Amino acid sequence: MNNKTAQTPDYHDLYLRCDRSRWYILSQKEDLIFYAQLAMGLSDVITDTCTDPNGNVVKVKTCGTDGRKIYWDPEFLSNCTDEEVRGLLIHECLHCSLQH
């Protein structure tokens, strides 16, 4: 019998991963400065649910944005590589810049 139980993701570590991704993008100077400026203006929310524009509670399956915050599913984020987190951060910033 397997006594292994699923561990709850450490939210502190997950927020640090998001911060490290922002600082990595910022450190790339000219290559990613556009994304860095966008990313520094968005806050992270690590949660498995959020409220949509109509006031409905919806499941956060991966990540998403409302134009002010980036919502990260903790289980999804904990399974991403650092490179994937950086790519997702840039992707979500583009949603904000394109206003969709």
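Which residue takes a positive phi just after helix 1? In this predicted model, that residue is Lys-29, with a phi of about 55 degrees. A comparable position follows helix 4, where Gln-99 has a positive phi near 55 degrees. The two helices are described below, after the overall arrangement of the chain.

The secondary structure of the protein chain consists of four helices and five strands. Read from the N terminus, the elements are ordered α-α-β-β-β-β-β-α-α. Along the principal axes, the C-alpha atoms occupy a box of roughly 55 × 35 × 15 Å. The chain has 100 residues, of which 31% are buried. Its exposed surface comes to about 6,800 Å², with 52% of this supplied by carbon and sulfur atoms. Among contacts with a sequence separation of 6 or more, 60% join residues that are 24 or more positions apart.

Helix 1 contains 17 residues, and the distance from its first C-alpha to its last is 24 Å, close to the 24 Å expected at 1.5 Å a residue. The N-terminal end of helix 1 is capped by Asp-10, a side-chain oxygen of which lies 3.0 Å from the backbone nitrogen of His-12. The buried residues in helix 1 are Leu-14, Arg-17, Cys-18, Ser-21, Arg-22 and Ile-25. Because these residues cover an arc of only 135 degrees around the axis, they lie on the same side of helix 1. His-12 and Trp-23, on the other side of helix 1, are exposed. The cover over the buried residues of helix 1 includes helix 2, strand 1 (43–46), strand 5, helix 3 and helix 4.

Within helix 1, Ser-21 has a relative accessible area of 4% and therefore counts as buried. With neighbours within four places in sequence left aside, Ser-21 is in contact with Asp-82, Val-85, Arg-86 and Leu-89. For one of these partners, Asp-82, the separation from Ser-21 is 61 residues in sequence and 7.1 Å in space, C-alpha to C-alpha.

Helix 4 spans residues 82–97; its 16 residues should extend over 22 Å at 1.5 Å a residue, which agrees with the 23 Å between its end C-alpha atoms. Val-85, Leu-89, Ile-90, Glu-92, Cys-93 and Cys-96 are buried in helix 4. The arc that they cover around the axis is only 165 degrees, so they fall on the same side of helix 4. Packing against the buried residues of helix 4 are helix 1 (11–27), helix 2 (33–40), strand 4 (63–65), strand 5 (69–72) and helix 3 (74–78).

Two leucines of helix 4 illustrate its surroundings. Leu-89 touches Ser-21, Arg-22, Ile-25, Ala-39, Ile-70 and Trp-72, with residues up to four places away in sequence not counted. Leu-88, also found in helix 4, is in contact with Cys-63, Trp-72, Phe-76 and Cys-80 when neighbours within four places in sequence are left aside. The C-alpha atoms of Leu-88 and Thr-62 are separated by 9.7 Å, the two residues being 26 residues apart along the chain. Trp-72 thus appears among the contacts of Leu-89 and among those of Leu-88.

In soluble globular proteins, nonpolar side chains tend to be buried together. The largest nonpolar core of the model has 18 residues, and the members that touch the most others are Ile-25, Trp-72, Leu-77 and Leu-89. Helix 1, helix 2, strand 5 and helix 4 each give two or more residues to this core. Helix 4 provides the largest share, five residues.

A buried acidic residue is found in the loop between strand 5 and helix 3, namely Asp-73. Its relative accessibility is 7%, which is under the 20% limit, so Asp-73 counts as buried. The side chain of Asp-73 reaches the backbone nitrogen of Glu-75 at 3.2 Å. Apart from neighbours within four places in sequence, the contacts of Asp-73 are with Thr-47, Asp-48, Lys-59, Val-60, Lys-61 and Thr-62.

Note on methods: Residues are numbered from 1 along each chain as its sequence is written. This is a predicted model: local features need pLDDT of at least 70, side-chain atom pairs count only at pLDDT 80 or more; totals for chains, interfaces and linings use all residues. Side-chain values use heavy atoms; hydrogens and water are left out. The expected span of a helix is 1.5 Å times one less than its number of residues. Buried means under 20% relative accessible area, exposed over 50%, partly exposed in between (1.4 Å probe, protein chains only). The arc is that of the directions from the helix axis to the C-beta atoms. Contact means heavy atoms within 4.5 Å. A nonpolar core is a set of buried Ala, Val, Leu, Ile, Met, Phe, Trp, Tyr and Cys residues joined through side-chain atoms within 4.5 Å. Accessible areas come from the Shrake-Rupley method with a 1.4 Å probe; for residues, only the protein chains shown count as cover. A polar contact is a pair of N or O atoms within 3.5 Å; within protein, one must be able to donate a hydrogen and the other to accept it, and residues adjacent in sequence count only if both atoms are side-chain atoms.
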